[in-house]
Amino acid sequence: MRFVSYLDKGKVMVAPEGLVSIEKAKSPPVSFHLLPPFQPEPYNESFKPNPDLQQHLFGKLLLFDEIPFSLEDIHTHFLNGCVTYEKGIIENNGRYSCRRCGNCEKHLFASFACFRCKEEQCVYCRKCIMMGRISQCTPLVRWIGPSYSGGQKKSLLNWNGELSSAQREASRQLADRIGKRGEFLIWAVCGAGKTEVLFEAVEKSLCMGQRVCIATPRTDVVLELLPRLKAVFPQTKVIGLYGGSEERKEFGQLVISTTHQLLRYEQAFDFVVVDEVDAFPFSFDKSLQFAVQKAKKEEATLAYLTATPSTQMKKRMQKGELAFIKIPRRYHGFPLPVPKMKWCGNWQRKLNHKKLPEPIESWVKQQLEKRRQGFLFVPTIPILQTITEHLQTFDPQIEGVHAEDPERKEKVERFRKGVIPIIVTTTILERGVTVPFTDIAVLGAEDDVFTESALVQISGRAGRSKDDPNGEVIFYHYGKTNAMIQAIRHIESMNKEGFL
Amino acid sequence: MKHCLYCDQLYIDEVSWRFFLGLNEETTLCSICRGSLQEIHGEICHCCGRPLSLFPEKYRQDQLCYDCVRWEKEKNWQGLLTKNRSLYIYNDHLKEMIARIKYRGDAKLIEAFQLPLKKLFKKHFKDYTVVPIPLSEKRHYERGFNQAELLARLLDVPVMNALVRTIHEEKQSKKSRAERIAIKHPIFRMVEQQSVHSKNILLIDDVYTTGSTLRQAALALKKAGATTICSITLAR
């Protein structure tokens, strides 16, 4: 679609081509980015906005293709000051940036001869292309009319579990910050019960009529949190957003979202919780931060949840720039299992010669004898495949699972049910998956993929249940690394703090 | 170091003796993404260009696959499409790449296929006039571009937009093979100003599935006086 501009009482107006007669239009239709500058219309008090459109668009920044209403309908709202059109691709001195995902890397912009705007070179963003193309000729539509409150039903918390004293303290401090601008970090060990710590603050925020978002980089976490939050806030409209989610078009008072899906929002939330802030390396961190900054309101309360804060965050905490609280104890009160290091020789060479490293072989046999389940973490997918083949000769039920495994969900489920005795995995299962009565081994713990935070998370899989708090964690290595030592120190110091 | 056009990972081109002789080809995909594409080579069906190794011998007749034998038995379709050649097997990886181009609109990604496409063109169809399979007006607007036309433009030769699509794509894909073969209403018509009389035509499309789209296009071209009609597709 192209746009025309025209003068109305001395003011520059714009409209999608075809909605204004040719005589009225000042110039022939052009691509959106070539329009003269214009101002959004002032809000018309006597206009009754379509509540469905309002609910769909409020707090978001969407393409026409993402709005299931007619062009005429949307444009009527433009004329009455309820929506405005904005450039999706911003050009500044020959450099482009994407209004939706914040991309400004030159190699992630490209152009094509566009049938819609008839330009030979219509520039588009390749970074967020999987969410639908943002190009120079497709404006983003933003709601600027009256805000949508979601009906403001009372949002009562329906939960009568009990918090540990450390959880209670964190919960109270977080709730105190609702309604105030600022950041807060909750540093909680794996298994501290951090989701429950959010309940009080979320309830307070919802009761104030605020809109709340829990963002996480991982779809797995969204899928895990969604039913729990729906259950404890039965009167609240809770929606889950992830690639392929059906609830994308609905209005949510409480939104559980992957950071990717958050990119469609702008200035929407009063209280944002970022779960597992450190789950991805720094490169990802930048777009995550962009998404969160864009989706929250300026005055919003921002909380981070993590078991392993990044060095950058630790620095900010030390300098006093970032307020935080620690929950150094698990909810069941037992200390975290401390990993042991065991030399395993040149295991890579052994594998090349089609042999299992001896320590791994005896660990697996022991687990099978003791009838205890185990995670075996390995650095790469090819290693995973070799090891799994070997181990299946001991027990055919042993399985390997990695990120691209099409049967990932099913295998994890079978492991949860105890059908799979030992699961061989890459770092994908370092978070989220909790199975009681398991031990943990890491093969090749010296590999670069096993950073301090990855090892802490991995170790956090053990001893999650109060009936089995002493799971065993062993790092099998061919040379100790700093990351291994730091991880052990990290866990020991948390245990020390927890029992002061 | 450069970014892979598909997965955006940084990678380095392997340095070999070809590099020092200046024979190295400019790559656009990293070795993993390149490796996931299955090039078609070896014995192929002389007509539609699919690898014969993929199915048992009883489904072939001499150098033709059973599908092509069936096409050639139909009076209406006999000899219309002389030969098709495709670059790759339509595996999951290529399906994802094509879906990203067509349904997400990532036009740039098509450049990943430029070199192999040019090679195929030079080897078989050098003097042919290139005609892309058109989209319907509605589909073309939705996408903002026609992927077949983008592919044709990669060849760096004049492209002739000789055809117009008159029946919307969805209606076509819902039909069974029998219906497609028996089709009475033509899907394509000629653009009036363009003449294909006594020309050898090379049709370009993204995927050869049943071959009916290409044969429908060939039908319109043949009626307008084209001599030989062949085709190139990305996937088979």
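**Entry 1: chain A as a whole**

I began with the secondary structure of chain A and found 13 helices and 22 strands. Both kinds of element are DSSP runs numbered from the N terminus, with at least four residues (H or I) for a helix and at least two (E) for a strand. I am working with a predicted model, where local features need pLDDT of at least 70, side-chain atom pairs count only at pLDDT 80 or more, and totals for chains, interfaces and linings use all residues. For my bookkeeping, residues are numbered from 1 along each chain as its sequence is written, chains are lettered from A and ligands numbered from 1 in the order in which they are written, and side-chain values use heavy atoms, with hydrogens and water left out.

Next I looked up the extent of chain A: its C-alpha trace spans about 85 × 50 × 45 Å along the principal axes. Of the 500 residues in chain A, 54% are buried. Here buried means under 20% relative accessible area, exposed means over 50%, and partly exposed is in between (1.4 Å probe, protein chains only).

I also checked the contacts, meaning heavy atoms within 4.5 Å. Among contacts in chain A with a separation of 6 or more, 72% are between residues 24 or more positions apart.

The exposed area of chain A is about 22,700 Å², and carbon and sulfur atoms supply 50% of it. Such areas come from the Shrake-Rupley method with a 1.4 Å probe, and for residues only the protein chains shown count as cover.

I then noted the charges: chain A has 69 positive and 58 negative side chains, with the centres of the two sets 2 Å apart. Lys and Arg count as positive and Asp and Glu as negative, while His and the chain ends are not counted. Each charge is placed at NZ of Lys, CZ of Arg, CG of Asp or CD of Glu.

**Entry 2: salt bridges**

I searched the whole structure and got 39 salt bridges over all chains. The criterion is a side-chain nitrogen of Lys or Arg within 4 Å of a carboxyl oxygen of Asp or Glu.

Which residues form a salt bridge at 2.8 Å, N to O? They are Arg126(A) and Asp106(B). This pair crosses between chains: Arg126(A) is in the loop between strand 8 (122–125) and strand 9 (140–143) of chain A, and Asp106(B) is in the loop between helix 4 (92–102) and helix 5 (114–124) of chain B. I found both Arg126(A) and Asp106(B) buried.

Within chain A, I looked at Lys194(A) and Asp275(A), a salt bridge whose closest N and O atoms are 3.0 Å apart. Lys194(A) sits in helix 4 (residues 194–207) and Asp275(A) in strand 14 (residues 269–275), so the pair ties together parts that are 81 residues apart in sequence. Lys194(A) and Asp275(A) are both buried.

I followed that with Arg372(A) and Asp468(A), which meet in a salt bridge at 3.1 Å, N to O. Arg372(A) is in the loop between helix 9 (358–370) and strand 18 (373–377), and Asp468(A) in the loop between helix 12 (452–459) and strand 22 (473–477), so this pair ties together parts that are 96 residues apart in sequence. Asp468(A) counts as buried because its relative accessible area is 10%.

I also came across a network of salt bridges that share partners, joining Glu86(A), Arg99(A), Arg142(A) and Glu266(A).

**Entry 3: single residues**

I picked His490(A), in helix 13 (residues 482–498) of chain A. Is His490(A) buried or exposed? It is buried, because its relative accessible area is 8%. Not counting residues up to four places away in sequence, His490(A) touches Trp187(A), Ala307(A), Thr308(A), Glu452(A) and Val456(A).

In chain B, I turned to Thr129(B), found in strand 6 (residues 129–132). With a relative accessible area of 21%, Thr129(B) is partly exposed. The C-alpha atoms of Thr129(B) and Leu202(B) are separated by 5.8 Å, although these residues are 73 apart along the chain. Leaving aside neighbours within four places in sequence, the contacts of Thr129(B) include Met160(B) and Lys199(B).

**Entry 4: backbone angles and a patch**

Most residues other than glycine have a negative phi. I noted a positive value for Gln267(A), near 50°, in the loop between strand 13 (254–258) and strand 14 of chain A. Asp8(B) also has a positive phi, near 70°, and lies in the loop between strand 1 and strand 2 (10–11) of chain B.

Last, I looked up a nonpolar surface patch of about 370 Å², made by Met1(B), Leu10(B) and Ile12(B). Patches are made of residues with over 30% relative accessible area and no salt bridge, joining like charges within 9 Å and nonpolar side chains (Val, Leu, Ile, Met, Phe, Trp, Tyr) within 5 Å. Met1(B) lies in the segment before strand 1 (2–3) of chain B and counts as exposed at 70% relative accessibility.
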